[in-house]
Amino acid sequence: MKLLIIALSNAIALYCAAASGAEVIVSNPWVRATAPGQTIAGAYLKITSATTAYLIGGNSTAAKSVELHAMSLENNVMKMRPLARLELPAGVAVELKPGSYHLMLIDIVHPLVKGDSVPLRLTVEDKGGRRHTVDVKAKVGEPGAMGGPHGTK
Ligand SMILES: [Cu+2]
């Protein structure tokens, strides 16, 4: 019962791609608020695909491009690198979160203000190479620590 309540409170969106019946669930999408002059911001969400698939990127009317990134700790320095695809194992919730995998809005067209929301279109490729898009509205949340696009937490 507790699990059900948590699920319902998380603003879940359910999408069915017509062609294959592929089913992707995205919950709690959000993006960092931007500091003045900041043109990039991390975007985070939880995504579950019913069948094994790959998140390969996205786009948004709020930014010129959206990239998929990974972060890792190398010699005590947080490093970020572009990722071509992120595997979504069947039925497993994969979390994009600060300090880990994330989407990155690049060349943001206007400041992202906490409490607003921005449209985000995710591109998911199934095992057969077919691409599906999933539209979500990402809530603008807290800015990154020290005004950075990712923050440390
Ligand atoms: Cu990034």
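**Strand β4 and its surroundings**

Asn59 has Arg121 as its bridge partner in β10. The coordinates belong to a predicted model, and the pairing of Asn59 with Arg121 is a convenient place to enter it.

Asn59 closes strand β4, which covers residues 53-59. The partner strand β10 spans residues 117-126. The two strands run antiparallel and are joined by 6 bridges. Strand β4 also pairs with β7, a strand made of residues 86-88. Here too the direction is antiparallel, with 3 bridges between the strands. One position to look at in this pairing is Leu55, which stands opposite Leu86 of β7. Strand β4 is mostly covered, with 5 of its 7 residues buried.

A side chain of β4 also takes part in a contact between a charge and a ring. The charged end of Arg85 sits over the ring of Tyr54, at 4.2 Å from the ring centre. Tyr54 falls within the 53-59 range of β4.

Past the end of β4, the chain enters the loop that leads to β5 (63-74), and Ser60 is located in this loop. Ser60 has a relative accessible area of 9%, and because the limit for a buried residue is under 20%, Ser60 counts as buried. Its side chain makes polar contacts with backbone atoms. The side chain of Ser60 reaches the backbone nitrogen of Ala62 at 3.0 Å. A polar atom of the Ser60 side chain also lies 2.6 Å from the backbone oxygen of Pro119. Leaving aside residues up to four places away in sequence, Ser60 touches Val66, Pro119 and Leu120. Pro119 and Leu120 belong to the residue range of β10, whereas Val66 belongs to that of β5.

The next topic is aromatic rings. A pair of such rings is described by the distance of the centres and the angle of the planes. The model contains 1 aromatic pair. Its members are Trp30 and Tyr44, with ring centres 4.8 Å apart and planes at 40°, so the pair is tilted. Trp30 lies in strand β2 (residues 23-33) and Tyr44 in strand β3 (residues 40-49), so the pair ties together parts of the chain 14 residues apart in sequence. Tyr44 is buried, with a relative accessible area of 1%.

Between β2 and β3 there is a loop, and Ala35 has its place there. Ala35 is partly exposed, at a relative accessible area of 25%. Its C-alpha atom is separated by 9.0 Å from that of Val113, a residue 78 residues apart from Ala35 along the chain.

Definitions and conventions. Residues numbered from 1 in each chain as written. Predicted model: local features only at pLDDT ≥ 70, side-chain atom pairs only at ≥ 80, totals over all residues. Heavy atoms only, no water. Buried < 20%, exposed > 50% of the residue type's maximum accessible area, 1.4 Å probe, protein only. Helix = DSSP H or I, 4+ residues; strand = E, 2+ residues; numbered from the N terminus. Pairing = 2+ DSSP bridges. Polar contact = N/O pair within 3.5 Å; in protein donor to acceptor, adjacent residues only side chain to side chain. Contact = heavy atoms within 4.5 Å. Phe/Tyr/Trp six-rings, centres within 6.5 Å; stacked < 30°, edge-to-face > 60°. Lys NZ or Arg CZ within 6 Å of the ring centre and 35° of its normal.
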